[in-house]
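Biologist: I would like to learn how to read a protein model. Could you take me through one, feature by feature?

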Amino acid sequence: MTFWDQMTSHWQEISAELEKIRTKNLYRQCKVSSGIDFCSNDYLGLAKSGLLEEKMKENLSQDTLGSTAARLIKGHRQSMEDWERKFSEFVGAGASLSLANGYVANMGLIDTIADSRTAVFTDRLNHASILDGIRISGAIKKYYDHLDLDHLEEQVSKWDRDPASPGKRKKIIVSETLFSMDGDKPDIRRLVEIKKKYDCVLILDEAHSFGVFGKEGRGMCFEDLSREEMDSIEYRVYTLGKSLGLEGGIIATTELGREHLVNRMRPFIFSTAPMPMIFTTASDSLDLIRDMEKEREHLLHIASILRDGLAREGFSVSSTVSQIVPILMDTEEEALYYSAELRKIGFDVIAIRPPTVPTPRLRVSLNALLTEKEILSLIEALVVVRRTKR
Ligand SMILES: Cc1ncc(COP(=O)(O)O)c(C=O)c1O
């Protein structure tokens, strides 16, 4: 077979695969967003804030635009170290390491600390970056049912008792502290208890709780845990692309943990460092976040108005505690229909479908710039769309 014949069959295969995706209503397309924002992760509205934009312009003139190389070559800056120190102090960690985004933070972290002799216990609904980290590391993946920590404990103790699993192998437990697609949370204190009882490493992903929960927006760990409990967690992962209004990921750990990642974490070692102004602006963003108590209160207030209103109108809303309010749908087609109709009348609400989540839904995520009136108009719009549905 010639080269061109092979190319042809390759593209044929790909077309067939896309066709299959289309027929299952799972086809995806990038769309320019329009309408009132009910889908971003800009929970405090900082990405749109002129204030942060001004700071960024100032920061831009302080350094080169691009970092010009990986941190271990020429990409490192004092401002990066300052940002990491400031962030560590804010979240009560010994040290932190910044990465290009939250995806590589999770993926690279797990790949660095796990190997084929490690068992990683993961909530079934953890983010793809966590699951991909487990896959790439070659570790043994052990799912536990979503938020079911009895199931987790059962799995961990079974693993310890299994004569086929040599006792000294490393065990890692990993969970989000606020689930991105469900808006619910695990019992973090119990996770820490299990971690201690069975001598596991614990990774908590604070991506969606940072900025919204905990004292001054420090995250869910600050909401639920004592200082001693928090110190027993080996790694906490945060993103800069949600409440901080920027882009990036950061891992909070100990000095030793950071030193190890700097020496071993491939996406850190082999990738150009983010633009220096990201770090200086993240530092400005942190200053803003800590004083946004009013915005946090408002955000959780409008979330409860939305949840109550939807439940009253008979929509299937999962029992969330947060600014993320998923409306469960029977089929992918139904989720797509609602999203498209809402878009036509000025509401930007996104349909989330498998494989991102097991059940199709509209993932409504709120931000502090939304008004009560806009929340009520979304509820009304959903009722209208339901009426027009065939
Ligand atoms: C829980 C969680 N962790 C990590 C990430 C990845 O972060 P980033 O978007 O910065 O790559 C996401 C993305 O939405 C997420 O939901």
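Modeller: Gladly, and let us begin with the ligand. A residue is near a molecule if its C-beta atom, placed from the backbone, lies within 6 Å of it. Here 14 residues surround the ligand, and Asn101, Gly102, Tyr103, Ser180 and Ala207 come nearest.

Biologist: What should I know about the model itself and the numbering?

Modeller: This is a predicted model, in which local features need pLDDT of at least 70 and side-chain atom pairs count only at pLDDT 80 or more, while totals for chains, interfaces and linings use all residues. Residues are numbered from 1 along each chain as its sequence is written.

Biologist: Which helix gives the largest share of the shell around the ligand?

Modeller: Helices (H or I, at least four residues) and strands (E, at least two) are DSSP runs, numbered from the N terminus. The largest share of the shell comes from helix H5 (residues 102–113), with 3 residues.

Biologist: How does the shell divide by class?

Modeller: We count Ala, Val, Leu, Ile, Met, Phe, Trp, Tyr, Cys and Pro as nonpolar, Asp, Glu, Lys and Arg as charged, and the others, Gly among them, as polar. The shell has 10 polar, 2 nonpolar and 2 charged residues.

Biologist: How many helices and strands does the protein have?

Modeller: There are 16 helices and 12 strands. For overall compactness we use the radius of gyration, taken over C-alpha atoms, and compare it with the globule rule, 2.2 Å times the number of residues to the power 0.38. The radius here is 22 Å, close to the 21 Å that the rule gives for 390 residues, so the protein is as compact as a globular protein of that length. Its C-alpha atoms fill a box of roughly 60 × 55 × 55 Å along the principal axes.

Biologist: How do you tell buried from exposed?

Modeller: We count neighbours: a residue is buried if 20 or more other C-beta atoms lie within 10 Å of its own, exposed if 12 or fewer, and partly exposed in between, with C-beta atoms placed from the backbone. Buried residues make up 45% of the 390 residues. Try Thr239, found in strand E7 (residues 235–239). Thr239 is buried because 26 other C-beta atoms lie within 10 Å.

Biologist: Which residues is Thr239 in contact with?

Modeller: Two residues are in contact if their C-beta atoms, placed from the backbone, lie within 7 Å. Leaving aside neighbours within four places in sequence, Thr239 is in contact with Asn101, Gly102, Ala207, Gly248 and Gly249. Asn101, Gly102 and Ala207 are also among the residues that come nearest to the ligand.

Biologist: And what is a nonpolar core?

Modeller: It is a set of buried Ala, Val, Leu, Ile, Met, Phe, Trp, Tyr and Cys residues joined through C-beta atoms within 7 Å. The largest one has 101 residues, and Leu109, Val120, Ile172 and Ile251 have the most contacts inside it. H5 supplies the largest share of this core, 7 residues. Not counting residues up to four places away in sequence, Ile172 touches residues including Ile113, Val120, Phe121 and Ile203.

Biologist: How is the protein divided into domains?

Modeller: Domain bounds come from an automatic or database domain assignment. It gives domain 1 (29–44 + 293–389) and domain 2 (50–290). Their C-alpha centres lie 27 Å apart. The contact takes 19 residues from domain 1 and 16 residues from domain 2.

Biologist: What should I look for in the backbone angles?

Modeller: Most residues other than glycine have a negative phi, and most peptide bonds are trans. Leu147 is not a glycine, yet it has a positive phi of about 65°. Leu147 is found in the loop between E4 and helix H7 (149–161). Asp199 also has a positive phi, of about 55°, and is found in the loop between helix H8 (188–197) and E6.

Biologist: Is Asp199 buried or exposed?

Modeller: Asp199 counts as exposed because it has 11 C-beta neighbours inside 10 Å. Finally, look at the peptide bond joining Pro354 and Pro355: it is cis, with omega about 5°. Pro355 has its place in the loop between strand E11 (350–352) and strand E12 (361–365).
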